[in-house]
Amino acid sequence: MITLKVKDRDGETHSVEARVGDTLMETLRNFHWGVAAICGGMCSCATCHVYLAPEDMGRFPEPDVDEEDLVDMLEFGRDGASRLSCQLALDTRHDGLAVELAPEE
Ligand code: FES
């Protein structure tokens, strides 16, 4: 298990335990304040949109074309720190990761 710091849409920060091997979305969808993840991780809904801290952007592989295209289609809240949490697999290097939930579409 690793520990993440997650800021919800009300600005409250939660310390969250996450299982290594899960995606970030699989952790965040377990909370009432978390992500909807409507497509279940198929990279087709963007309801798992989060922001990474600038210093954490390099801790994950670059987004693939499908993720980039979906983020580009977001109507608001998209910025350079945007990622789709269903595309972010967690491992032990992500202990202490800081994440902020993006506004709901
Ligand atoms: S859960 Fe749908 S795009 Fe991530």
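Let's start with the empty space: the largest pocket holds about 150 Å³. Keep in mind that this is a predicted model. Who lines that pocket? Walk around the wall and you'll meet M57, E62, P63, E67, E68, V71, R78, D79, G80, S82 and R83. Sorted by character, the lining comes out as six charged, three nonpolar and two polar residues. Look at where they come from, and α2 gives the largest share, with three residues. Both α2 and β4 supply at least two residues each to the lining.

From the pocket, step over to the loop that runs between α2 and β4 (82-84), where you'll find G77. Is G77 buried, exposed or something in between? Its relative accessible area is 25%, so G77 counts as partly exposed. Leaving aside neighbours within four places in sequence, G77 is in contact with H49, Y51 and S82. One of those, S82, also turns up in the pocket lining. As for H49, it sits 28 residues away from G77 along the chain, and the C-alpha atoms of the two are separated by 9.1 Å.

Now for the inside. The largest nonpolar core has 27 residues, and the members that touch the most others are L4, L24 and L84. Several elements feed this core with at least two residues each: the strands β1 (2-7), β2 (13-18), β3 (49-52) and β5 (98-101), along with the helices α1 (24-28) and α2 (65-72). So α2 is worth a second look, because it contributes to this core and also to the lining of the largest pocket.

Zoom in on L24. Setting aside residues within four places in sequence, L24 is in contact with L4, V50, S85, L88, L90 and V99. Right beside it in numbering is T23, found in the loop between β2 and α1. T23 has 16% relative accessibility, so it counts as buried. Which residues does T23 touch, not counting those up to four places away in sequence? They are S85, C86, L88, A89 and L90. Compare that with the list for L24, and you'll see S85, L88 and L90 there too.

One last stop is D56, which has its place in the loop between β3 and α2. Buried or exposed, where does D56 fall? With a relative accessible area of 6%, D56 is buried. Beyond residues up to four places away in sequence, D56 touches L97 and A98. The second of these, A98, falls within β5 (98-101), one of the strands that help build the core.

How values were computed: Residues numbered from 1 in each chain as written. Predicted model: local features only at pLDDT ≥ 70, side-chain atom pairs only at ≥ 80, totals over all residues. Heavy atoms only, no water. Core = buried A, V, L, I, M, F, W, Y, C linked by side-chain atoms within 4.5 Å. Buried < 20%, exposed > 50% of the residue type's maximum accessible area, 1.4 Å probe, protein only. Helix = DSSP H or I, 4+ residues; strand = E, 2+ residues; numbered from the N terminus. Contact = heavy atoms within 4.5 Å. 1 Å grid on protein atoms, 1.4 Å probe; cavity = no way out; pocket = protein on both sides within 12 Å on 5 of 7 lines; lining within 4 Å. Points joined across faces, edges and corners; volume = space filled by probe spheres on them. Nonpolar A, V, L, I, M, F, W, Y, C, P; charged D, E, K, R; others polar.
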